[in-house]
Each structure stands twice: as C-alpha cells, then as structure tokens.
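Me: I'd like a close look at one part of this model, starting from its ring contacts and working outward. Take your time and keep it informal.

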Amino acid sequence: MYSSYMELALQEARTAFEKGEVPVGAVIVKDRHILSTAHNLTETLKDPTAHAEILAIRKACERLGGWRLEDCAMVVTLEPCPMCAGAIVQARLDGLVIGAFDFKAGAAGSVYNIVQDRRLNHRVRVVYGVMQEECSELLKRFFYEKR
C-alpha cells in the first residue's frame, strides 16, 4: 500500500543526492492524494531546518490552508531526527511511514520515540521498514562517496 508513495519519496531522495544533499525524501498524503513532496535542502538553502520532512509539512499546510495535518500521513525514506519528529507531532500528522532506521539520531523509535511519547498531546501511528533496503542503500552510497 505504501510502496508507491515510498517510491516517490525515493525519487525525491535521489534528487537530493544529485544536489549533494543528504538523500532524504518525504511525501505527505491525505485520502490517497499527494499533498506535498520534498527533499533535503539544508546545503542549498544554508538552512539547518530545511529537512525534507519540514519542507513537506510547510507545503502541505500551505496547500490545506492551516497548520493541522489531521488525517494525513508522511512517508519518509529515513527515520526523522528530533527536530522533524517534533514538527510531525506539532502538525498533528496521524501516520508516519519510514523506510530506513537512523540508529544514530532517529526520533521515531530507534534512539528516541518523540512521535509516540505519551507525555505529549499527540501521538503518531508508525509503520517501519517500507522499502528499507532501497532507502538504506541510497544513504550508504551517498556517505561512501563523501568519504
């Protein structure tokens, strides 16, 4: 069900790769309609907040005309960092579909679990490992080539 959206997120990640950005892509979906797509642009924009998830949230909010993304899901190639996990909670996304885990800085179940923290006012349903191998391989290739 999520693989077609993850393939689109991977296309975004490949675009980031070509730009020399960490290859992460995100897609936000509501009622099986794509609201937004984005990829990392931190180097391009010289902005530490220009992660794929943040950019996708901004676009989806603009498209819907509000800040609440209820009944929406994000599909992302890499487990979100703490900043992005916090934005996902604040935006009230209902679902999160993750390709690859981030065992160094992930905040959706591996290192931290901000998106499901019971102390917060909103929790997100999470699906892990959709097209995990493809997502992981793209990241490994990027960092291998950077070394």
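How many aromatic pairs does the count come to?

Reply: The count comes to 4 aromatic pairs, where rings of Phe, Tyr and Trp (its six-membered ring) pair if their centres lie within 6.5 Å, and planes under 30 degrees apart are stacked, over 60 edge-to-face, the rest tilted. Keep in mind that the model is predicted: local features need pLDDT of at least 70 and side-chain atom pairs pLDDT 80 or more, while totals for chains, interfaces and linings use all residues. Numbering runs from 1 along each chain as its sequence is written, and side-chain values use heavy atoms, without hydrogens or water.

One of those pairs is F17 with F142: the ring centres are 5.6 Å apart and the planes sit at 70°, so this pair is edge-to-face. F17 belongs to helix 1 and F142 to helix 5, so the pair links parts 125 residues apart in sequence. (Helices, H or I with at least four residues, and strands, E with at least two, are DSSP runs numbered from the N terminus.)

Now for the sheet beside helix 1. It is an open one of 5 strands in the order 2-1-3-4-5, with mixed pairing; strands pair if DSSP finds at least two bridges between them. Strand 2 (33–39) and strand 5 are at the edges with a single partner strand each, so one side of each has no neighbour in the sheet. From one strand to the next, the twist averages 20°.

Strand 1 and strand 2 run antiparallel, joined by 6 bridges, and V29 has I34 in strand 2 as its bridge partner. These two strands form a hairpin with 2 residues between them, and D31 in the turn has a positive phi of about 50°. Strand 1 also pairs with strand 3, again antiparallel, over 5 bridges, with A26 opposite V76. Helix 1 packs on this sheet, touching strand 1, strand 2, strand 3 and strand 4, and its direction makes about 25° with that of strand 2. Contact there means heavy atoms within 4.5 Å; axes are lines fitted to C-alpha atoms, for helices over the stretch in contact, with angles from 0 to 180 degrees between N-to-C directions.

Helix 5 leads on to the largest pocket, about 610 Å³ in volume. (A pocket is an open set of points on a 1 Å grid over the protein atoms alone, where a 1.4 Å probe fits, with protein on both sides within 12 Å along at least five of seven lines; lining residues have an atom within 4 Å of a point. Points join across faces, edges and corners, and volume is the space filled by probe spheres set on them.) Of its 22 lining residues, V22, L78, D102, L139 and F143 are closest to the centre. Helix 5 (residues 132–146) gives the largest share of that lining, 5 residues.
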